[in-house]
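Here are some notes to read alongside the structure. Keep the viewer open and look up each point as you go.

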Amino acid sequence: MPELPEVQTIVSELKNEIVGKKIAEVNYNLPKMVVGDIKKIIGAKIASVSRRAKIIIVKLGGGLNLLFHLKMTGQLIYLPAGKDKTKVGERINKYTHVIFKLSDGSRLLFNDLRQFGWVKIFGTEDLKKAINKEKYGPEPLSKEFTLAKFQQMLAQKPNAKIKPLLMDQSFIAGIGNIYSDEILYFAKVHPLKKVKDLNQKDIEKIYEGILKILRAAILAKGTSIDTYRRTTGEKGTYALKRQVYQRKGLPCYHCQGKVQTVKIGGRTAHFCPGCQK
DNA sequence: TATATTGTTACACC
DNA sequence: TGGTGTAACAATAT
């Protein structure tokens, strides 16, 4: 699942490849994944690539912007010009739904197995409105996200369960199922614990976990357990470092007890009952 | 062949 | 209003 570290990896890699190039052609086969008048972007120059929460923002010349959301299974794959045909065949497949051809003959592929992802075309003013409408919480790796700020945020939500709260994009932006499980394991806090039952040490460890784990995952280029891939098509390596996510029934690396799952709001949380109280 | 899974969102309901 | 609960989305594994 692309969460903050995966989206950040894609943004960083894409920036190096596509900024300064022009969009020569766009082809797509699933209209529901493309929102807005895509033809308007033909000929536009790519000015920058950035991120807010899990959204990728590609700023174009002429006051236009492309926004991508990869949801669970979306991929953005960059194919340099003149790539050999076997590689191209692997990466352009039945899940390739949008292809952007760039001025130098390279291509950007938008692949999505479950087709929940989208790309939207926005003018700059509408872009601001659209992002404000989402009411995103602070970026966890920004300067404004201090321990004091986090404590103040938690104080507003005494009755919330900690795991769904960490995944709430209007509370903090960018954390999903994988990293909320890993952060709570790091902090030794049970995913169903209510905010008002956290002590000061719990809060400090959760805060520390958010920063440490997201940073480590960015360094590892993300977690490729399922379909997430870097723009090169390669896997991120954080899956090798994870402690609990998708390790149900396997021994906890700390206490050797078995990792368990519990349903929270219809979703699966992974935790070690021995370590997380 | 039917069902569970998966993150996000839309929507009903209080 | 906000918070909660649930269905829907699509393809896959089992």
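1. A quick definition before we start: helices and strands here are DSSP runs, with at least four residues for a helix and at least two for a strand, and they are numbered from the N terminus. You'll want that for Met-72, which sits in the loop joining β5 to β6 (74-79). Keep in mind that this is a predicted model.

2. Now the big picture. Chain A has seven helices and eleven strands. Its radius of gyration is 20 Å, close to the 19 Å that the globule rule gives for 277 residues, so chain A is as compact as a globular protein of that length. Along the principal axes, the C-alpha atoms fill a box of roughly 55 × 40 × 30 Å.

3. How much of the chain is tucked away? Of the 277 residues of chain A, 49% count as buried. The chain exposes about 13,100 Å², and carbon and sulfur atoms supply 52% of that. Chain A carries 50 positive and 24 negative charges, and the mean positions of the two sets are 2 Å apart.

4. Next, find the open sheet. Five strands make it up, in the order β2-β9-β5-β4-β3, with mixed pairing. At the edges are β2 (34-35) and β3 (46-52), each pairing on one side only. Further in, β5 (residues 64-69) and β9 (residues 118-123) pair in the antiparallel sense over six bridges. To see this pairing up close, find Leu-66, which stands opposite Ile-121 in β9.

5. Back to Met-72. Is it buried or exposed, or somewhere in between? Its relative accessible area is 31%, so Met-72 is partly exposed: that class lies between the 20% limit for buried and the 50% limit for exposed. Leaving aside residues up to four places away in sequence, Met-72 touches Met-1, Pro-2, Arg-114, Phe-116 and Thr-227. Take Arg-114: it is 42 residues away along the chain, yet the two C-alpha atoms are separated by 7.7 Å.

6. Finally, have a look at helix α6 (residues 177-187). How many of its eleven residues are buried? Ten of them are, so to speak, under cover; among them are Ile-178, Asp-181, Glu-182 and Leu-184. The buried residues of α6 pack against α1 (4-18), α5 (162-167), α7 (200-219) and β11 (267-271). Just after the helix, Lys-188 takes a positive phi of about 60°.

Methods. Residues are numbered from 1 along each chain as its sequence is written. Chains are lettered from A and ligands numbered from 1 in the order in which they are written. This is a predicted model: local features need pLDDT of at least 70, side-chain atom pairs count only at pLDDT 80 or more; totals for chains, interfaces and linings use all residues. Side-chain values use heavy atoms; hydrogens and water are left out. The radius of gyration is taken over C-alpha atoms; the globule rule is 2.2 Å times the number of residues to the power 0.38. Buried means under 20% relative accessible area, exposed over 50%, partly exposed in between (1.4 Å probe, protein chains only). Accessible areas come from the Shrake-Rupley method with a 1.4 Å probe; for residues, only the protein chains shown count as cover. Lys and Arg count as positive and Asp and Glu as negative; His and the chain ends are not counted. The place of a charge is taken as NZ of Lys, CZ of Arg, CG of Asp or CD of Glu. Two strands pair if DSSP finds at least two bridges between them. Contact means heavy atoms within 4.5 Å.
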